[in-house]
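Please open the model in your viewer and keep the selection panel at hand. The tour below goes from stop to stop, saying what to select and what is there.

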Amino acid sequence: MTPKINYQIEMERELARIHAAGERPLLALHACCAPCSSAVLERLNEAFRIAVYFYNPNISPEAEYRARAREITRLAAAMPLAADLRVEEGPYEPECFYALTRGHEADPEGGARCGICFEMRLRRTAEFAREIGADYFTTTLSISPLKDAQRLNAIGAQIAREAGVKYLFSDFKKRDGYRRSCVLSEAYGLYRQDFCGCAFSRRERDARAGKGD
């Protein structure tokens, strides 16, 4: 069995190297929602110039997608962050998500469909990083207790090799990151959704709650 890597320690080592070099590189940060982004932005704001990239064509329905996009923009404006932070919204193209996950509609949450979705979003974030000349890219997804940091970082590392952009290894749930995101979400009155985002995760949530379609 391959030993698990502590990606929080990996990130801390990289941040220490950046600090020692007197650098403040540009990071393309994939953001899945405002609550998950809150503690991540707070953690990385001093070390990086950050371009938040909201690319989540998996989110359904569109009204849910728009609500989350508005919240990340509102959060970035409300938090005491560096003036050079910016938020960019990628295309909303749910047809791409459904095409890539065809045949995986019945997968359980956390199964193969989720891996496909992670790769889709990270791959587009790496492309965005190249477009803006970013030094690194990463995602806020690992702050969730329901997301496997080993899986996310393995996908990120593979894409980094292909794209030629450094991937910032992370496990943002560590060091009470998830708890901090809950505190900040309450402080800023953030909309906090109760399902991951796609129609399939919503269906699974409703089934557990005994709701009909």
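How far is the sulfur of Cys196 from the closest cysteine sulfur, and why is there no bond? Select Cys196 together with Cys114: the two sulfurs are 6.0 Å apart, which is too far for a bond, a disulfide being a pair of cysteine sulfur atoms within 2.5 Å. A search of the whole structure finds zero disulfides. Cys114 counts as buried because its relative accessibility is 10%, while Cys196, at 29%, is partly exposed; buried means under 20% relative accessible area, exposed over 50% and partly exposed in between, with a 1.4 Å probe and protein chains only.

Before moving on, note that this is a predicted model, in which local features need pLDDT of at least 70 and side-chain atom pairs count only at pLDDT 80 or more, whereas totals for chains, interfaces and linings use all residues. Residues are numbered from 1 along each chain as its sequence is written, and side-chain values use heavy atoms, with hydrogens and water left out.

Keep Cys196 selected and add Ser144, Leu146, Lys147 and Phe195, since these five lie nearest the centre of the largest pocket, which is lined by 30 residues. Its volume is about 590 Å³, taken as the space filled by probe spheres set on grid points that are joined across faces, edges and corners. A pocket here is an open set of points on a 1 Å grid over the protein atoms alone, where a 1.4 Å probe fits, with protein on both sides within 12 Å along at least five of seven lines; lining residues have an atom within 4 Å of a point. Colouring α2 (34-44), α5 (112-132) and α8 (199-209) shows the elements that give two or more residues to this lining, and α8 gives the largest share, four residues. Helices are DSSP runs (H or I, at least four residues), numbered from the N terminus.

Next, select Ser181 in helix α7 (residues 177-187), where Ser181 counts as buried at 1% relative accessibility. Leaving aside neighbours within four places in sequence, Ser181 is in contact (heavy atoms within 4.5 Å) with Pro35, Ser38, Ala39, Ile143 and Arg192.

Finally, select Tyr7, Phe137, Tyr167 and Phe169, which form one aromatic cluster. Rings of Phe, Tyr and Trp (its six-membered ring) pair if their centres lie within 6.5 Å, and planes under 30 degrees apart count as stacked, over 60 as edge-to-face and the rest as tilted. The ring centres of Tyr167 and Phe169 are 5.6 Å apart and their planes stand at 80°, so this pair is edge-to-face. Tyr167 is buried, at 7%, whereas Phe169 is partly exposed, at 28%.
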